[in-house]
Amino acid sequence: HECGLALIRLLKPLDFYKKKYGSSTYGLNKLYLMLEKQHNRGQDGAGFASVKLDVSPGNRFMHRERSASQNPIQEIFNNSNNRITDEKEKNPNWTIDSLRKNTAHVSELFLGHVRYGTFGQNSVEAVHPFLRQNNWMHRNLIVAGNFNMTNNKELFNDLVMLGQHPKEMSDTVTVMERIGHFLDDAVAKIYRKVKKEGVSKIEASSIIGEKLDLIKILKKASKDWDGGYVIGGLVGHGDAFVIRDPAGIRPAYYYKDDEVLVVASERPVIKTVFNTPEDSIKVLGPGNGLVIKKSGELIIENIIKPVEKKSCSFERIYFSRGSDIKIYNERKKLGRLVFPQILNAVNNDLKNTVFSYIPNTAEVSFFGLVHEAQDYMNEIAEKKIIEEGKNISREKLKKFLSYRPRIEKVAIKDAKLRTFITDDSSRDELVKHVYDVTYGSIKKSDNLVIIDDSIVRGTTL
């Protein structure tokens, strides 16, 4: 629920990235940055999985890392990087091919996730991605998402009616098993068809991968889904997908060039990590499915008919990064829009009013508020100067031009503690340690105006 998703498909051979960027773990490094840039979306856990393409039988082609520790992102990537470092030390003559064969996550396809838990336990078992494993490569499924299904009980019962025995009632397992059911069905149908045509069992494997229609599978699987969701998945042979709910409740963005195809929950993550122009990052439309075939082909089709757009306000206000230019401009405008009410509240006495903000995410709205206050004071100064006419004295001109809002850093957050999710008895005590006040920055006779965008419990306020 309001988690962060990151999917990366490298479109060139791994040697290409080694030669161009000097990195044997280009995809892994980019995934780390994408998850760190979305850390605001998930401090309860982090995980990622990778799939290697065209792996010989007897070798693992899927790997996963998960953690629900205090620093989950660092832990999962440390684990992976340590194994790669150990392999390089053990084999000084290593190559990309030897690394790829002998270590996890030297791969072409990645799915990462940061978890913001609002339901269930904060244990590693609740951390995405989830795996559905099988000896048939095409029936292996990895799923992670930012979603909340409102009809999970009905979906669970549907699986039971299909003859399945889901291991738990979480919506992640339910969604994964539902996709898995139709994935199994599609693989079996293709296999029966090519077998009739005289194709051998070994040859059938690559044909199944080519013919597998994930758009069709997702249409069947998502038919009765009700909720807000962006769900990503990897299939064992190398296909990948992302599907977005028809009301656009949860956000999803994608980018493609000659080297990579990536999907993320936030636009600035892609822009920053891949240094790409803003207008090259596209929005995955409501109800649309994005499929990346093993060949690298990108397919985007409507899966569920879009309905009235219902973007989640919690997503947009609380979780969106202020470095997204649209979010940035919205937040500035919010600050401007509250100024008339503030002016009324302080009885137009801006001379004895100090403006500030808390926490740091409120800074952009604070800019908008102060700009509006400055525009208002400029208008007053302009009127007074015009009234005085050309005989205005230097002292008065200087006084009028000095009209500006009073700004102080009244409160400072000096520790990153998530006080709003601790137990009630501890919260007040924690807040005392999270914020420092700059004593002496205001007088007792001043009005204090603080813009605060902490919307969860109002603890900050």
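This short talk walks through two empty spaces in the structure above, a pocket and a cavity.

Hi everyone, and thanks for coming. One thing to keep in mind: this is a predicted model.

Let me begin with the second largest pocket. It holds about 820 Å³ of space. Which residues sit closest to its centre? They are W136, M137, H138, S205 and H237, out of 33 residues that line this pocket. As for secondary structure, β3 (62-67) and α7 (201-211) are the elements that each give two or more residues to the lining. The top contributor is α7, with eight residues. If you are thinking about the chemistry of that wall, the lining residues of the second largest pocket split into 14 polar, 11 nonpolar and eight charged.

Now for the closed space. Rolling a probe the size of a water molecule over the atoms shows where empty space is left. How many cavities of 30 Å³ or more does the structure hold? Just one, and the largest cavity has about 80 Å³ of space. Its lining is made up of 13 residues, and those nearest the centre are L14, S24, T25, Y26 and G27. Two helices, α1 (14-21) and α2 (26-36), are the elements that give two or more residues to this lining. Here α2 gives the most, with three residues.

And what is the make-up of the cavity lining, in nonpolar, polar and charged residues? Seven are nonpolar, six are polar and none is charged. Set that beside the second largest pocket, where eight charged residues are part of the lining.

That's my tour, friends. Happy to take questions!

How values were computed: Residues are numbered from 1 along each chain as its sequence is written. This is a predicted model: local features need pLDDT of at least 70, side-chain atom pairs count only at pLDDT 80 or more; totals for chains, interfaces and linings use all residues. Side-chain values use heavy atoms; hydrogens and water are left out. On a 1 Å grid over the protein atoms alone, a cavity is a set of points where a 1.4 Å probe fits but cannot get out, and a pocket is an open set with protein on both sides within 12 Å along at least five of seven lines; lining residues have an atom within 4 Å of a point. Grid points are joined across faces, edges and corners, and a volume is the space filled by probe spheres set on the points. Helices (H or I, at least four residues) and strands (E, at least two) are DSSP runs, numbered from the N terminus. Ala, Val, Leu, Ile, Met, Phe, Trp, Tyr, Cys and Pro count as nonpolar, Asp, Glu, Lys and Arg as charged, and the others, Gly among them, as polar.
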